[in-house]
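Trainee: I would like to go through this model with you, one question at a time.

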Amino acid sequence: MRPQLDAAPSGIVFPAGVLGMSVRNTPQKTLESWKQIAGYLDRSERTVRRWEASEGLPVHRREHEKQDTVFAYRHEIEAWSRLRTKCPSEISIDEGESLPAVKSVSNAYLVEHDAITRTMHCYIAGARAGDGDLMRAAFHPSATISGYCQGIEYSGSVEHVFKWVTENGPAPNINPRFARIEIIESIAVVHLEVQHWSGKLAGANARASDVFTLLKWNGEWKITHKLFHWHDQ
Amino acid sequence: MTKSEYLTEYDGIVKTMQMYIDGSKQGKSELMRPAFHPDASFFGYAGEQLAIGTPFLFDWIDKNGPASKIEPRVVSVDILGSIAVVRLEVAGWSGKLAGSDARMSDLFTLLKMPSGWTIIQKAFHWHA
């Protein structure tokens, strides 16, 4: 499938059903360099690098001794291009004035909403791939985790999550649903319901209810806390 | 969860939140400390500065002093088994640090411990 970016380089609102898509795609479908990512989006390398820096294009990194390499998941790139909305700074004055006030307010809300779902999809991609480092970018450096799993309380650094996800390994069938996203200016809460957890630690067909608290930090939404309830089977 | 179970949990959560409200109103962090989990976190912007960690909160409450006219509203309480989210809107904040008639929106997440519901995080937005 071609990404839907051809129409306008400045971006277009795509009210998309993200979840259906992430279920259909597997994380193995990767683009392995800036060149491939640029080719996939039919743009220059310089443009896609800028999109990563300024518009949250989901690009991941593998750390190596000499130089990091980048890669991207096709399904994340597609989700990003669907969700991509016009940034307020890109609206020209003429266009801005021609929009009714109500519309620009609701669009501002959607920009934040989409940015939050992009952050959450970074978490989901890591969970699905069984790669804790993949989801690191979704979290604030001081983020913490709390909750019970099989009667034992886990509270502490988010590093526990990264470790658990990596040890658990791939969970290709997880089905995440956004039960609720509530935004209060600089903070937000996301209730995520995840069915069909699997893996070495999760077992088979498990279910988790997660509550994430997010903070808008340096212009990006970052998870500051993950609170989970693991449903006993 | 049956209706009476839900009400029991709801009451437990509101009781914990009341400790936070009492501490805020009287400007005494000692009143709210028992409501917080030992590993609780605290996040939000105080002006331009990012405030992190419950020591910041407790220190702020003590330095702010009494805020007798705060109007707390519990906007929502969501219970998901052993965890809960409370949205609290507090108008009429006053005190040495809060100024006068300020407003704060809070998102509290709570964890049900053997000893009862405890606050595991407070995230706040201070309305300028």
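The questions below go through confidence, chain A, the contact between the chains, chain B and the core.

Trainee: What kind of model is this, and how are residues, chains and ligands labelled?
Mentor: Residues count from 1 along each chain as its sequence is written, chains are lettered from A, and ligands are numbered from 1 in the order in which they are written. Local features need pLDDT of at least 70, side-chain atom pairs count only at pLDDT 80 or more, and totals for chains, interfaces and linings use all residues, since this is a predicted model.

Trainee: Which residues of chain A stay under 50 in pLDDT?
Mentor: pLDDT is the predictor's confidence in each residue, from 0 to 100. Chain A averages 78, and 75% of the residues score at least 70. Values stay under 50 over residues 1-27 of chain A and over residues 85-100 of chain A.

Trainee: How many helices and strands are in chain A?
Mentor: Both are DSSP runs numbered from the N terminus: helices are H or I with at least four residues, strands are E with at least two. On that basis chain A has 8 helices and 9 strands.

Trainee: Which strands stand at the edges of the open sheet of 3 strands in chain A?
Mentor: The sheet has the order 1-3-2 with antiparallel pairing, where pairing requires that DSSP finds at least two bridges between two strands. Strand 2 and strand 3 (residues 69-73) of chain A pair over 3 bridges, and H60(A) stands opposite F71(A). Each edge strand has a single partner, so one side of each is left without a neighbour in the sheet; these are strand 1 (30-31) and strand 2 (60-62) of chain A.

Trainee: Which strand of chain A gives the most to the side that touches chain B?
Mentor: In total, 20 residues of chain A are in contact with 21 residues of chain B, contact being C-beta atoms, placed from the backbone, within 7 Å. Strands 4, 5, 7, 8 and 9 of chain A each supply at least two residues of this side. The strand that gives the most, with 5 residues, is strand 4 of chain A.

Trainee: What is the strand order of the open sheet of 6 strands in chain B, and why do strand 2 and strand 3 each have one side without a neighbour?
Mentor: Strand 2 (49-52) and strand 3 (71-80) of chain B stand at the edges with a single partner strand each, so one side of each has no neighbour in the sheet. Strand 1 (residues 36-46) of chain B runs antiparallel to strand 2 of chain B, joined by 4 bridges; F43(B) has I52(B) as its bridge partner. Pairing in the sheet is mixed, and the order is 2-1-6-5-4-3.

Trainee: Which helix of chain B lies across strand 3, strand 4, strand 5 and strand 6 of chain B?
Mentor: Angles here run from 0 to 180 degrees between N-to-C directions, with axes as lines fitted to C-alpha atoms, for helices over the stretch in contact. The helix in question runs at about 55° to strand 6 of chain B, and is helix 1 (residues 3-26) of chain B.

Trainee: Which helix gives the most residues to the largest nonpolar core?
Mentor: Such a core is a set of buried Ala, Val, Leu, Ile, Met, Phe, Trp, Tyr and Cys residues joined through C-beta atoms within 7 Å, buried meaning 20 or more other C-beta atoms within 10 Å of a residue's own. Among its 81 residues, Y123(A), V190(A), L214(A), A84(B), V86(B), L110(B) and I119(B) touch the most other members. With 9 residues, the helix is helix 6 (residues 101-129) of chain A.

Methods. Two residues are in contact if their C-beta atoms, placed from the backbone, lie within 7 Å. A residue is buried if 20 or more other C-beta atoms lie within 10 Å of its own, exposed if 12 or fewer, and partly exposed in between; C-beta atoms are placed from the backbone.
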